[in-house]
Amino acid sequence: MKISNLANWYFDKKMLPYWCILFIDCTIIIISGLLGFYYLYGGSAIANNFWNIILQLVILLIPYIFSFHIFHTYRGIFRFSSFVDLVRISFAMIVGTAIAYVGYVLIPENGKNHLNILLGTPGMMFVSVIIATFAMCGVRVLTKVIYDIARANVLTRGIFIYGTLNGGISLAKNIRNESPARYSIRGFVSPDDKMKGHWMMGRPVWTDKDDLVTIMKKEKASALIISPLQAAHFRKQDALINTLISAGIKILMMPSNAEEWDGKSELNSNQLHEVNIEDLLPRQKIDVDMQAIGQQLKANRILITGAAGSIGSEMVYQVAQFEPREMILIDQAETPMHDIRRTMTSKFPNILCHTIVASITNKTFMEDIFRHHTPDYVFHAAAYKHVPMMEDNPAMAVQNNIYGTRIIADLAVKYGTKKFVMISTDKAVNPTNVMGCSKRICEIYCQSLNKAIEKINETGHTENSALLQANGKLPCTQFITTRFGNVLGSNGSVIPIFKDQIAKGGPVTVTHPDIIRYFMLIPEACKLVLEAGTMGKGGEIFVFDMGNPVRIADLARRMIALSGAMDVKVEFTGLRDGEKLYEEVLSDAEHTLPTIHPKIMIAQVREYDYEQACSNEQRLLEASYTYEDIAIVKIMKEIVPEFKSRHSKYEALD
C-alpha cells in the first residue's frame, strides 16, 4: 500500500475518532511527564530544561503508542467505556514503561546523556506513569458519566430491574448501552434477602418483600423490568404483581423464548414489552428432548389434520423444524390455510408441503390423500371444540369429531402409518357436555383399535380384513392419545374474548365466581404432544401436568388492571349449557402411571372391545343423520355412562 493511500485511509473520517483518542492519550502522557518533573524538581527545573524535556517525552511516546496498539486502547468509544477498557489502559502503560526502560538500558552510556533527565530517576518514571494512567482512565469515566447524564432526559423512563447477579447485570449493561436511551436504571430488586443493602452498578438493591411501590415512586421509577432468569419465580408472586398493577407501575418482560437464555450472552432489550396476562400466568418450565423427537420425525412424511387451528398450526411449525420429508396439512378453513401456506413457503421453502382444504369427513378424498402420500405419522388435531356450539349441534359433534376421527384412524391403519397421535381434552374426563363426550368416544375408538391391532400381531389371525393394510400386510399403526386443558390465546378462548370486552368498555362476562380452569401455552402443549407421540408404544392415553388452576374471575380482574381501563366491571352470567366449575384430567375411576417425562403420565382407563366400539359408533352415526338432538345424546350417554349433563336440556336423560 502506498504511503499516500495509507494516510488517506488512516485519516478518513471513519478512522478520525481513533486518532483523536490516540492524540488525547499522548497529550496526557506529555502533561503527566511535566507534572511528574514538577513534583520532583520544581518549576525552575522545568523552565531551564523545558524543550529538552518535551523532546524526551515525545521520544518516549514511541513505546507507549506501540503498547496502545497492542492493547487496542484507542479503538474504543469513550462513552461506552467499561472496566475492561480501564484494565487495558493499565496494562498498556505498564508494558509501555517496561519497553521504554529496556530501551534505555540498551542504549550505550555515551548516548544516555539527553535521556537522564527523565529515565535516570525511577521515581520520575513512577510518578509520571501513575498520573498518566489515572488521567486516561478518568477522562474515559468522566466522558461516560457526562454522556449518561445527557441521555437521561425527560423522555427516559426510570426503571428497577428484578434480578441480580448474572441475569440482572447483563440486562442492565445492555440497557445502559442503548442509544438513544429509553430507560434509566434506578435500582435492583432481588428475591434473595441476602442481597438487600448491597449496591450494583452504582444503584441500591432491594428485595421483593420491601414496599416496592413506595420505593419506586420515591426513586421516580415507573416500570419494573423482569430478568428472564427470574421470570418463573416472579410469576408466583401474586401479591407483588397485584400491588404493582394496582399502583400503575408497568411490568416489562422478555418473550417466553428468552427464558432459555444462559444469563451471560447478550440480550436484545428491544424485545422488552409490557406484560399481558399470558406472561403473568404461573407456569413451570417444560423441558422436552427435541433432539430425540427430531430423530423420529426427520425424513418422514407427516400428516396433520386441523392444521390451521391454534394447536394444529403450532404443530406444523414445530414439526417443520425437524426437516420432514413431506408435510400434508389438512383443514377446512380456507383463509387460515392460505396463511399457513404462505408461512411455510417463506420460512421452510425446502420442505415439500401440501396445504389441502378439505373436511376430514370426506372419506373418498381422505383416502385419496392417504393413498398418494402414505404418511408415516399422523397428528390428528381436527375437531369442533366449543362446548356451547356442540351442545346445540350434537349431530355435528358426532359427524365431525367422532366419524371424522374414525375415517382418519382407519385410513392410517390401511396405509401403514407408524403412529397416530390424537389430541383430546380434559373435558373428555367425566364429560358433562356433548363436546367432551364426543372426544371420549374418539379415545375409546382409537384405544380399542390399537388393542385389536396388537391382538392380530400376537395371534396372526386376520379374520377382520378391515384391519389389514392395503397391501394385505399385518397392521402396524400405534394409536396414542394426549389429553390437556385450555391453551392460552387459542381461537375463541377466554383471554381473547376478555380483551375484546375490555376494549369495548366492558362488562367482562364470567359465568361463575368460582369457576377455574387449567391453562398451558400453545408451544408447550405441542411440545408435550410431540414428546408423548414419539415415546408412546400404542394404546396409551397420556395426560399432562397442567400445573395450578386459575380462577377465571381473578384472571378477568387482572386483565382489566393491566389494560389500565377505568370503570370496567366483571359481570357473572351463570354457567353455560354443559359447563362445569372444575375441569378434571382424570376421572374418579382412573389412576395414572409415570413416564420418563415428569410432566406426562399414562391414564389407566376402562378399555373397550373393538367390535363393540365399531358397533356403537355406527349406531351413533346413523342417529346423527336424523338430527334429533335428544335421540343422539341418549346414545352417547349409553356409550359413555359417566356422561352426566350439567345446565343442559339433556339432564332429563340422566
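# Notebook: a walk through a predicted model

**Entry 1: helix H13.** I opened with the buried residues of H13, which are Ser310, Ile311, Gly312, Ser313, Glu314, Met315, Val316, Gln318, Val319 and Ala320. That makes ten of the eleven residues in this helix, which runs over residues 310-320, so I noted H13 as mostly covered. I should say right away that I am reading a predicted model.

**Entry 2: the chain as a whole.** Next I stepped back for an overview. I found 654 residues in the chain, and 51% of them count as buried. The secondary structure comes to 23 helices and 22 strands. I then looked at contacts between residues at least 6 apart in sequence, and 76% of these join residues at least 24 apart. For the accessible surface of the chain I wrote down about 31300 Å², with 57% of it belonging to carbon and sulfur atoms.

**Entry 3: strand E2.** I picked out two residues here. Phenylalanine 188 sits in strand E2, which covers residues 183-190. Is phenylalanine 188 buried or exposed? Its relative accessible area is 0%, and buried means under 20%, so phenylalanine 188 is buried.

I then asked which residues phenylalanine 188 touches, not counting those up to four places away in sequence. My list reads Phe160, Ile161, Gly163, Thr164, Gly168, Ala172, Met200, Met201, Arg203, Pro204, Val205 and Trp206. One of these, Gly168, I checked again by C-alpha position: the C-alpha atoms of phenylalanine 188 and glycine 168 are separated by 7.8 Å, and the two residues are 20 apart along the chain.

Serine 190 belongs to strand E2 too. With a relative accessible area of 1%, serine 190 is buried. Leaving out residues up to four places away in sequence, I found serine 190 touching Thr164, Met195, Val205, Trp206, Thr207 and Asp208. Thr164, Val205 and Trp206 also appear on my list for phenylalanine 188.

**Entry 4: backbone oddities.** Before this search I reminded myself of the background: most residues other than glycine have a negative phi, and most peptide bonds are trans.

Methionine 201, met above as a contact of phenylalanine 188, is not a glycine, yet has a positive phi of about 50°. I located methionine 201 in the loop between strand E3 (199-200) and strand E4 (203-207). How much of methionine 201 is accessible? The relative accessible area is 27%, so I marked this residue as partly exposed.

Asparagine 430 went on the page as well, with a positive phi of about 45° although it is not a glycine. Asparagine 430 lies in the loop that runs between strand E12 (419-423) and helix H18 (434-459).

Which peptide bond did I note as cis? The one from glycine 506 to proline 507, with omega near 0°. I found proline 507 in the loop between helix H19 (494-503) and strand E15 (508-510).

**Entry 5: cysteines.** How many disulfides does a search of the whole structure find? The count is zero. I looked closer at cysteine 446, where the nearest cysteine sulfur, that of cysteine 442, is 6.7 Å away. A disulfide needs the two sulfur atoms within 2.5 Å, so cysteine 446 is in no disulfide. Cysteine 446 counts as buried, at 1% relative accessibility. Cysteine 526 is buried too, and its relative accessible area is 0%.

**Entry 6: cavities.** Rolling a probe the size of a water molecule over the atoms shows where empty space is left. I counted three cavities of 30 Å³ or more, and the largest has a volume of about 110 Å³. Of the 13 residues lining the largest cavity, Ile29, Leu57, Leu60, Tyr64 and Ser128 are the closest to its centre.

Which helices supply at least two residues each to this lining? I wrote down helix H2 (16-41), helix H3 (43-71) and helix H6 (122-151). H6 gives the most, with five residues. By class, the lining of the largest cavity has ten nonpolar and three polar residues, and no charged ones.

**Entry 7: helix H23.** I closed with helix H23, residues 629-639. Its buried residues are Ile632, Val633, Ile635, Met636, Lys637 and Ile639. They pack against helix H17 (394-414), H18 and helix H22 (610-624).

Definitions and conventions. Residues are numbered from 1 along each chain as its sequence is written. This is a predicted model: local features need pLDDT of at least 70, side-chain atom pairs count only at pLDDT 80 or more; totals for chains, interfaces and linings use all residues. Side-chain values use heavy atoms; hydrogens and water are left out. Buried means under 20% relative accessible area, exposed over 50%, partly exposed in between (1.4 Å probe, protein chains only). Helices (H or I, at least four residues) and strands (E, at least two) are DSSP runs, numbered from the N terminus. Contact means heavy atoms within 4.5 Å. Accessible areas come from the Shrake-Rupley method with a 1.4 Å probe; for residues, only the protein chains shown count as cover. On a 1 Å grid over the protein atoms alone, a cavity is a set of points where a 1.4 Å probe fits but cannot get out, and a pocket is an open set with protein on both sides within 12 Å along at least five of seven lines; lining residues have an atom within 4 Å of a point. Grid points are joined across faces, edges and corners, and a volume is the space filled by probe spheres set on the points. Ala, Val, Leu, Ile, Met, Phe, Trp, Tyr, Cys and Pro count as nonpolar, Asp, Glu, Lys and Arg as charged, and the others, Gly among them, as polar.
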